[in-house]
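I opened this model to note its fold, its surface and its pockets, and I set down below what I looked up.

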Amino acid sequence: MTSDSSNRNQGSEVDIAALARKYVEERTKRLRPDGIDQYRSLDEMGEEFARDPHADRAFSRAPVRRETDVLIVGGGFAGLLGAANLRKAGISDIVIVDRAADFGGTWYWNRYPGVRCD
């Protein structure tokens, strides 16, 4: 191997047109004729799917009332990352609220019939 920069990219040419065709081909394999109609609303799935499956149903508490520098709505990936970056920036009075009983957002609920990976 040489340190000559002219040899670094040898053999790494990308055929953009072929790559675009491959993406279209793969996408076409996954399209369904029923399109958006394949999805069901929470109303159709029943009240059980709107509940947090991991929360103690008997849990209750009075509302929390306090002032904070930053309120983050949603304890998913973006909310947690936002809070971490705010802490790095020196902001420590942060409150994260979420409908769920714990952090994790979409994948905390993990209620997608048929989904096997993220």
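The entries that follow go from the chain as a whole to single elements and residues.

**Ground rules.** I am working with a predicted model, in which local features need pLDDT of at least 70 and side-chain atom pairs count only at pLDDT 80 or more, while totals for chains, interfaces and linings use all residues. Residues are numbered from 1 along each chain as its sequence is written, and side-chain values use heavy atoms, with hydrogens and water left out.

**Fold.** I looked up the secondary structure and found four helices and two strands in the protein chain, where helices (H or I, at least four residues) and strands (E, at least two) are DSSP runs numbered from the N terminus. Along the sequence their order reads α-α-β-α-β-α.

**Burial and contacts.** I noted that 12% of the 118 residues count as buried, a term that stands for under 20% relative accessible area, with exposed over 50% and partly exposed in between (1.4 Å probe, protein chains only). Taking contact as heavy atoms within 4.5 Å, I found that 49% of the contacts between residues at least 6 apart in sequence join residues at least 24 apart.

**Helix H3.** I checked residues 77-88, the twelve residues of H3, which reach 16 Å from first C-alpha to last, close to the 16 Å expected at 1.5 Å a residue; the expected span is 1.5 Å times one less than the number of residues. After H3 comes Gly-90, with a positive phi near 95°.

**Arg-51.** I located Arg-51 in the loop between helix H2 (42-45) and strand S1 (70-73). Is Arg-51 buried or exposed? I recorded Arg-51 as partly exposed, because its relative accessible area is 31%. Its C-alpha lies 9.2 Å from that of Trp-109, although the two residues are 58 apart in sequence.
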